[in-house]
Number of protein chains: 2
Amino acid sequence: MIQKPSIPKGTRDFGQQEMAERNYIFDTIKNVFKTFGYSQIETPAMENLSTLLGKYGDEGDKLLFRVLNSGNAFSGIDPKEYLEEDGIDDKGLTSKICEKGLRYDLTVPFARFVVMHQNEISFPFKRYQIQPVWRADKPQKGRYREFCQCDADVIGSKSQVNELELVQIVDRVFSLLGINVLIKINNRKVLTGFAEICGFPDKVVDITVAIDKLDKIGLENVEAEMKEKGLSDSAIEVIRPILLLKGSTDEKISDMRKLMAGGSASGIKSETGLKGLDELEELFDYIASAGIRQHTEIDLSLARGLNYYTGAIFEVKALDFAIGSICGGGRYDNLTGIFGLPDMSGVGISFGADRIYDVLKGTGKFPEHLSTSSTILFADMGKEELKYIFPVVKRLREAGIACEVYPSETKLKKQFEYANKKNIPFISINGETERQEQAINIKNLASGEQKSFAAEDTDSIIAFLS
Amino acid sequence: MIQKPSIPKGTRDFGQQEMAERNYIFDTIKNVFKTFGYSQIETPAMENLSTLLGKYGDEGDKLLFRVLNSGNAFSGIDPKEYLEEDGIDDKGLTSKICEKGLRYDLTVPFARFVVMHQNEISFPFKRYQIQPVWRADKPQKGRYREFCQCDADVIGSKSQVNELELVQIVDRVFSLLGINVLIKINNRKVLTGFAEICGFPDKVVDITVAIDKLDKIGLENVEAEMKEKGLSDSAIEVIRPILLLKGSTDEKISDMRKLMAGGSASGIKSETGLKGLDELEELFDYIASAGIRQHTEIDLSLARGLNYYTGAIFEVKALDFAIGSICGGGRYDNLTGIFGLPDMSGVGISFGADRIYDVLKGTGKFPEHLSTSSTILFADMGKEELKYIFPVVKRLREAGIACEVYPSETKLKKQFEYANKKNIPFISINGETERQEQAINIKNLASGEQKSFAAEDTDSIIAFLS
């Protein structure tokens, strides 16, 4: 029976051209990571579900791809035990038949790696990791079920030098790619400070979630939402001037410092908030001295979904193309705690390769000649002629030149067509005459220029092809 | 609750050093593939089970990792329907709750890719693919449940030039890696010919499986096994001289040609066998003209497990290290037929990166300086000093030099230790004096040589670090 093949929804094949374009992005990011002293690691695609569950919230748990236990997964299981009034206890049964899941991000596997290999690692440990992750999200434009993350994290250091270096990495990567970006920076401690000075220290999450929506729903609705979450009018009075802050970074920090020090309507002082402002101030001081090319700014509406950030928060937006954030990250103090290694502060960023791809495509910023073609096609003119050219081809390949030998003594027209379709710029046609004269004929298909070389004269051939 | 983290059995983490070593192997292979005009593709980790099932035999089907359908996998399913006398109908229930599986090899996804993208592809299509595959094999030394395959295949050409180029690729890769190998070559048509001239044309598989064991169990047991499979004594008489063939490649081919042409004890002629011998002869003729450095030989005991080979069969063994085959492949005529694209002949090889890794480790052939370290560590001497060095560090990184800034104003001894542990060859310590003099002090930790540079003199600094 003939099957019409397809691939799972939300997944993709990458052909030659896309691979070249994607590799251009990955290589650019990788090379920048390396110059900052980050070293590469890789972790398995499958992790134990005990490692993954509970790290991404209830919603994340649902989006994990679970892998059926190998062998007979149901052996020893009585499914009747999982029958409930309104159907099957899906969760209970699933937990019996699936012990592994596919990696959901690179951060949790990194934390697991650090804990497992803590005795081999020199701290501060700077690692980068470029691998696919899988999420059972509803596929839609620009959202895939398999996509590649490019993460750099440093763990075991609290210094703002790390934050600076991540900003520098972002700056360098997007400058090399030719993408103009805005690097938005916030600090989770400052958000905590807001909650404290407004008198609702336990409402940090509600407040940050509300603030996160400022761009989307506007001030009025944000305030309504905070009220709905149980914040008092006086608390909202404290927060409003923060949302309306204007001016330079220095001015914003200075204004916030006054509020955090007890100068807000509530008169409450927040040590945590002040600490966050110190961090922000130090980071922006470093940024000024290091000469960042791209725009950077404090964005207090920046909260990001993840609950584990405890210090700096980053998000990067493309300025010339409408798309969500193309890079983001932050500092987390407790990531390895759950795996038994407490007091390890880390900070990291993640580049969204798929969105960066869309930006480069959309703005026409991919380099023109991301060469994926071979340099030269040798025509097949018959067995004896092939045997004559093999040593020549061999020498060229050993010099790093991508050569193809057309593998069929077919009409030359067809062989030319192949070269054209594959954008191969040179063709070499060598018949009996060339063989007897020990010559190699090469034609530049773009210019039409044709030249004959001694078969042994590899250097001249290479010069002509370059 | 603190979890002691672990990873699924048969999977591995790769740290910095292993990554450098593995990338050395992958990059070597990749670069050779490119010079032969192969272009890279990637396919999703998950394929529909309908694509995978039935392609690897019953045993292979059992070894597929299945992915549970997302959402509520058991929704609408009554497990009671799958209860049988002796337990659960595991297979039936599994097929309802799992529609996807993890990639088992790269060949079937490649065939699926070719069929789905046939209108965008120029044939003959030469692709390479380097991606992990997953098999629920029992983990043991050197066998993993997640491992990386490195495949090159060309599809849409029947020419032996392709076989030659694959042999050349093998030759070049192992020559570059410094591994001495034996490239064993056989042809499935010749094996078919054996079955035909001995009068049991339907016993090809039994005969080849038996021949495959020649090395392991010896001639006598192979003959016993063939008899057990139903071959007559006279048939075994026909096959014996083939198993005992001696001499050069030319002599072997010439002797077999006589047998296939009707000169065996049975007097039966095999056109298929003769065709296979033509192919072998052409390939070895090409090999002689192309100048292969590594050893090549005909090995008639070479059958390989996979049923889909129809022409050439390759297997590569390391000569200086005891390990199974480190590379293998062959020609298949019908691979895309099952997906609706008939008459596409292809030939490919697969490099076993894990075994190659073991050979390089075991023979000490990894290059000494697979550099994974940064070039220079800048000590943290305080905030003002950091701000002074940031622009210097930035210029060095932009020149491609991997620099680290120690992110904590701690004792210099500790910063030196960090450089030592991470094999960073240079350290730069710049205090208030250097800052005021606009100088940069650099020490070569191996030689002890120390030099001072003007902070702006990037070229001299780079020269010192090179």
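This is a short dialogue on reading the cavities, chain interface and backbone features of a predicted model.

User: Before we start, what are the ground rules for this predicted model?

Analyst: Residues are numbered from 1 along each chain as its sequence is written, and chains are lettered from A and ligands numbered from 1 in the order in which they are written. Local features need pLDDT of at least 70, side-chain atom pairs count only at pLDDT 80 or more, and totals for chains, interfaces and linings use all residues, while side-chain values use heavy atoms, with hydrogens and water left out.

User: OK, cavities: how many of 30 Å³ or more are there?

Analyst: The general idea: rolling a probe the size of a water molecule over the atoms shows where empty space is left. Here a cavity is a set of points, on a 1 Å grid over the protein atoms alone, where a 1.4 Å probe fits but cannot get out. Points are joined across faces, edges and corners, and a volume is the space filled by probe spheres set on them. That gives four cavities of 30 Å³ or more, and the largest holds about 80 Å³.

User: Which residues line the largest cavity?

Analyst: Lining residues have an atom within 4 Å of a point. From chain A you get Phe36(A), Gln168(A), Asp171(A), Arg172(A) and Ile292(A), and from chain B Lys394(B), Arg397(B) and Glu398(B). Helix α6 (160-177) of chain A and helix α14 (383-398) of chain B each supply at least two of them; helices here are DSSP runs of H or I, at least four residues, and strands are E runs of at least two, numbered from the N terminus. By class the lining has two nonpolar, one polar and five charged residues, with Asp, Glu, Lys and Arg counting as charged, and Gly among the polar ones.

User: What area is buried between chain A and chain B?

Analyst: The size of an interface is often given as the accessible area lost when the parts come together. With a 1.4 Å probe and summed over both parts, it's about 8900 Å², 58% of it from carbon and sulfur atoms. Counting contact as heavy atoms within 4.5 Å, 107 residues of chain A touch 107 residues of chain B.

User: And how many salt bridges lie between chain A and chain B?

Analyst: Side chains of opposite charge can pair when their charged atoms come close. The cut-off is a side-chain nitrogen of Lys or Arg within 4 Å of a carboxyl oxygen of Asp or Glu. There are 14 between chain A and chain B, and 60 over all chains. One of them pairs Arg112(B) with Asp13(A) at 2.6 Å, N to O. Arg112(B) sits in helix α5 (residues 107-116) of chain B and Asp13(A) in the segment before α1 (16-35) of chain A, so this pair joins two chains. Glu398(B), also a lining residue of the largest cavity, forms a salt bridge with Arg293(A) at 3.3 Å, N to O.

User: Where does the backbone hold a cis peptide bond in chain A?

Analyst: Between Phe123(A) and Pro124(A), with omega about -5°. Pro124(A) is in the loop between α5 (107-116) and β7 (125-134). In chain B, a cis bond joins Phe123(B) and Pro124(B), with omega also about -5°.

Methods
1 Å grid on protein atoms, 1.4 Å probe; cavity = no way out; pocket = protein on both sides within 12 Å on 5 of 7 lines; lining within 4 Å. Buried area = accessible area lost by both parts, 1.4 Å probe.
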